[in-house]
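Please consider the aromatic side chains of the protein shown below. The account that follows leads through selected ring pairs, a cluster of rings and the charges placed over rings.

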Amino acid sequence: MKNLVIVLILAITLASCSSYQKALKSEDNAVKVAMIDTLFAKGKYGKSLMLFEQIIPAYRGTDSAAPMAIKYAKALYEDRSYVNSAYQYERFIQSHPADPNAEFALFMAAKSHYQMSPIYSKDQNDTNIALAKLQEYINLYPSGQFADETNLLVDELRSKLDKKAYETAKQYHHFGNFRGGYISAISAFENFIVDHPGSEYQDDAQYYLLESQYEYAMNSFSNLVPERLAIAKKYYDTFAKRYPDSEYKEDADDIHAKIEDYNSKNTSKI
């Protein structure tokens, strides 16, 4: 019985391969289209691409051009060929701007770019492109069919950019005095706080801005310490006001106490 099942599976597989090869070699486009539909039904999008490449030119300028183009773009996307799917969806929009699938194509073009966004630690050029494409969809279809999903994707990509910017600033902080680490960290954290107002890392950035400024001050020439500690004190006041329940509150208070202690000891010498 087991052997019979294996034989049947092999027979079906061979028949399927044979049908596919016949479709590839056929001069009848209807046969190729039928095979594409069969492959789509089975989720074998990658296998359909050779057939699409054969028939797409034949349908240009016909009523079937738009539906064929949107299916081709879908096959590329499902095959994870995101560069090509983005191109084909964008080409569809240019060629068929009034087509009912234009909104879908714009969303999928943006989603193709979203799929190309790398992990946060790598260069984020593709992430920025994806955000621009997603924003284009939101601008054109603010209440569109895919608006909710688009907003979720935008939030995810923005969070990735937040993490990239925060981790870059934190890396400067870890350098300490080496290569002007604290100076770079202060600038990076200040920019982060302004440029990423809704970020989940705002609390962290505000604390490390304080710590960077404090360490920078304490590692300065003695005549520059008071002025730079005064800036650190301002950062502490902002932090304490904005994040009274922060996990960094105890550490921030400790820095504040050190600032007050320094000022008390040095004021008494004057």
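Are Phe-107 and Tyr-137 buried or exposed? In this predicted model, both Phe-107 and Tyr-137 are buried. Their ring centres lie 5.9 Å apart with the planes at 65°; because an angle over 60 degrees counts as edge-to-face, the pair is assigned to that class. Phe-107 belongs to helix α6 and Tyr-137 to helix α7, so that this contact links distant parts of the chain, 30 residues apart.

The structure holds 19 aromatic pairs. Another of them joins Phe-104 and Phe-146, whose ring centres are 5.9 Å apart and whose planes meet at 50°, so the pair is tilted. This pair, too, links distant parts of the chain, with the two positions 42 residues apart in numbering. Phe-104 lies in helix α6 (residues 102–115), whereas Phe-146 is found in the loop between α7 (125–140) and α8 (147–175). Phe-104 counts as partly exposed because its relative accessibility is 26%, whereas Phe-146, with a relative accessible area of 13%, is buried.

Aromatic residues also gather in a group. Tyr-166, Phe-189, Phe-192, Tyr-201, Tyr-207, Tyr-208, Phe-239, Tyr-243 and Tyr-248 form one aromatic cluster.

Finally, two rings have a lysine placed over them. The charged end of Lys-71 sits over the ring of Phe-40, at 5.2 Å from the ring centre. Lys-163 lies over the face of Tyr-120, 4.8 Å from the centre of that ring.

Notes. Residues numbered from 1 in each chain as written. Predicted model: local features only at pLDDT ≥ 70, side-chain atom pairs only at ≥ 80, totals over all residues. Heavy atoms only, no water. Phe/Tyr/Trp six-rings, centres within 6.5 Å; stacked < 30°, edge-to-face > 60°. Helix = DSSP H or I, 4+ residues; strand = E, 2+ residues; numbered from the N terminus. Buried < 20%, exposed > 50% of the residue type's maximum accessible area, 1.4 Å probe, protein only. Lys NZ or Arg CZ within 6 Å of the ring centre and 35° of its normal.
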